[in-house]
Structures are given as structure tokens and as C-alpha cells.
Amino acid sequence: MTDTTPGWLAPEELELARARMPILYVDAVPVRVDDNGEVTHIGLLLRIGPDGTVSRSLVSGRVLHHERVRDALVRHLEKDLGPVALPRVPASLQPFTVAEFFPTEGVTAYHDPRQHAVSLAYVVPVAGDCRPRQDALDLVWFTPEEASSAQLQEEMPGGRGILLKQALAHVGRLG
């Protein structure tokens, strides 16, 4: 089966690329904000991994060849949160951090056994109705205090809990 969407790689091609070069990703922390722009809730996806484990996750995905980072961010937000999430992608696409994932544990705080990946991470307010799609089972909204708890951090593999804490610190909500 051939995919005719530009920028997509066949599974074998993607595996080969992952083995030879870093892959660019975007991570988004969906948030609800009050009228003053202060973060009141953080949305985390509930997913089942290939090995059957259940975990919490951020919105995340690859940037395609010849795709703008902004477009990739919007595409992944819509893919994971639904078409009426109404994300407010910042006018300036300055990430709150750049996370470098390695297939070897311990090189950085971030680990992805499949690849070396570099992720631009953003906090994105969403105003609409979020209905998880694709491989996400659910979206749960947590207060900043709940999101920074040790228990929730343990439910986020590969260092994504650390990424979440960095997002909370970036918006001044790390308790």
C-alpha cells in the first residue's frame, strides 16, 4: 500500500531514517486559561502503548518534510484533541524548551527507544471542546498542583513528566 501524502515515509523507510538521523518532533501541553491568561488546568492524554501499558502523554508527533512547525503543531493538536479544540497557537513560535530524546537511557532525561529525536515543546491554550482521537483513549484535565505530583510524573514514560514540569515552571505554575 502506497501513501500518496507528501512527507510521509513507509514504515520501513521511517525505521531506516530513525536509525541514521535525529527526527524533528513537536510536543504540546494543552492548557485551559482564565480571563487573565493564567493556566488553570493542564490536559493530558491517556494512551495504550504497543506493549499494552497505559500511560499519560502530551500531544506529540513528527514534523513532516516541507511542513512548517506551526502547521505540524496544529495538525497534531487536531489529531489528538479533535477538530473543535480551538487551539491558540502563539504568534511567536518560541518553544519553552527543546528536548532531545535518545534511544540510550541516561544520555539526557528524555528517552525514546525507537530513535534519536529532537522535540520543540510548546504550551498551547485550547478553548474548545476536546475529544481525543486516533490512539488517545481519553483526555483528563488536571490542576497545576495535580499535574506536578510525583504519582502523575510516574505515569509519563520517557521523561515526558519532566517536560510537563518544565512547562508548568515556564507558565509560573510549578508548585
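Buried here means under 20% relative accessible area, exposed means over 50%, and partly exposed is anything in between (1.4 Å probe, protein chains only). By that yardstick Ser55, at 14% relative accessibility, counts as buried.

This is a predicted model, in which local features need pLDDT of at least 70 and side-chain atom pairs count only at pLDDT 80 or more, while totals for chains, interfaces and linings use all residues. Residues are numbered from 1 along each chain as its sequence is written, and side-chain values use heavy atoms, with hydrogens and water left out.

**Ser55 and its surroundings**

Ser55 sits in strand β3. Helices (H or I, at least four residues) and strands (E, at least two) are DSSP runs, numbered from the N terminus. Contact means heavy atoms within 4.5 Å. Leaving aside neighbours within four places in sequence, Ser55 is in contact with Leu45, Leu46, Arg47, Glu155 and Pro157.

**The largest pocket**

A pocket is found on a 1 Å grid over the protein atoms alone: it is an open set of points where a 1.4 Å probe fits, with protein on both sides within 12 Å along at least five of seven lines, and lining residues have an atom within 4 Å of a point. Grid points are joined across faces, edges and corners, and a volume is the space filled by probe spheres set on the points.

The largest pocket comes out at about 1,100 Å³. It is lined by 34 residues, and the closest to its centre are Arg47, Ser57, Arg114, Asp135 and Arg160. At least two lining residues each come from β2 (39-48), β3 (54-57), β4 (59-62) and α2 (69-81). Helix α2 gives the largest share, four residues. Sorted by class, the lining has eleven nonpolar, eleven polar and twelve charged residues. For that count, Ala, Val, Leu, Ile, Met, Phe, Trp, Tyr, Cys and Pro are nonpolar, Asp, Glu, Lys and Arg are charged, and the others, Gly among them, are polar.

Arg114 also turns up in a long-range pairing: its C-alpha atom is separated by 8.3 Å from that of Glu15, 99 residues apart along the chain. Glu15 belongs to helix α1 (residues 11-20), and Glu15 is exposed, with a relative accessible area of 60%.

**Two nonpolar cores**

A nonpolar core is a set of buried Ala, Val, Leu, Ile, Met, Phe, Trp, Tyr and Cys residues joined through side-chain atoms within 4.5 Å. The largest one has 24 residues, and Val29, Ile42, Leu44 and Leu164 have the most contacts inside it. Two or more of its residues come from each of β1 (23-33), β2, β5 (97-101), β6 (117-125) and α5 (160-170). Beyond four places in sequence, Val29 touches Ile42, Leu58, Phe96, Tyr122, Val123, Val124, Leu164 and Ala167.

A second, separate core of 18 residues includes Ala28, Leu73, Ala85 and Val126. Leu73 lies in helix α2 and is buried, at 1% relative accessible area. Not counting residues up to four places away, Leu73 touches Val26, Asp27, Ala28, Val89, Leu93, Tyr122 and Val124. Its C-alpha is 9.6 Å from that of Ala121, 48 residues apart in sequence.

**Ser148, Arg173 and Glu145**

Ser148 is in the loop between α3 (144-147) and α4 (150-154), and Ser148 is buried at 15% relative accessible area. A polar atom of its side chain lies 3.1 Å from the backbone oxygen of Glu145. With neighbours within four places set aside, Ser148 is in contact with Gln153, Lys165, Leu168, Leu174 and Gly175.

Arg173 is in the segment after α5 and is buried too, with a relative accessible area of 18%. The Arg173 side chain makes a polar contact with the side chain of Glu145 (3.3 Å). A polar contact is a pair of N or O atoms within 3.5 Å; within protein, one must be able to donate a hydrogen and the other to accept it, and residues adjacent in sequence count only if both atoms are side-chain atoms. Again past four places in sequence, Arg173 is in contact with Glu38, Val39, Pro144, Glu145 and Leu168. Arg173 and Pro144 are 6.1 Å apart, C-alpha to C-alpha.

**Positive phi outside glycine**

| Residue | Phi |
|---|---|
| His66 | near 70 degrees |
| Leu86 | about 55 degrees |

His66 is in the loop between β4 and α2, and His66 counts as exposed at 81% relative accessibility. Leu86 is in the loop between α2 and β5.
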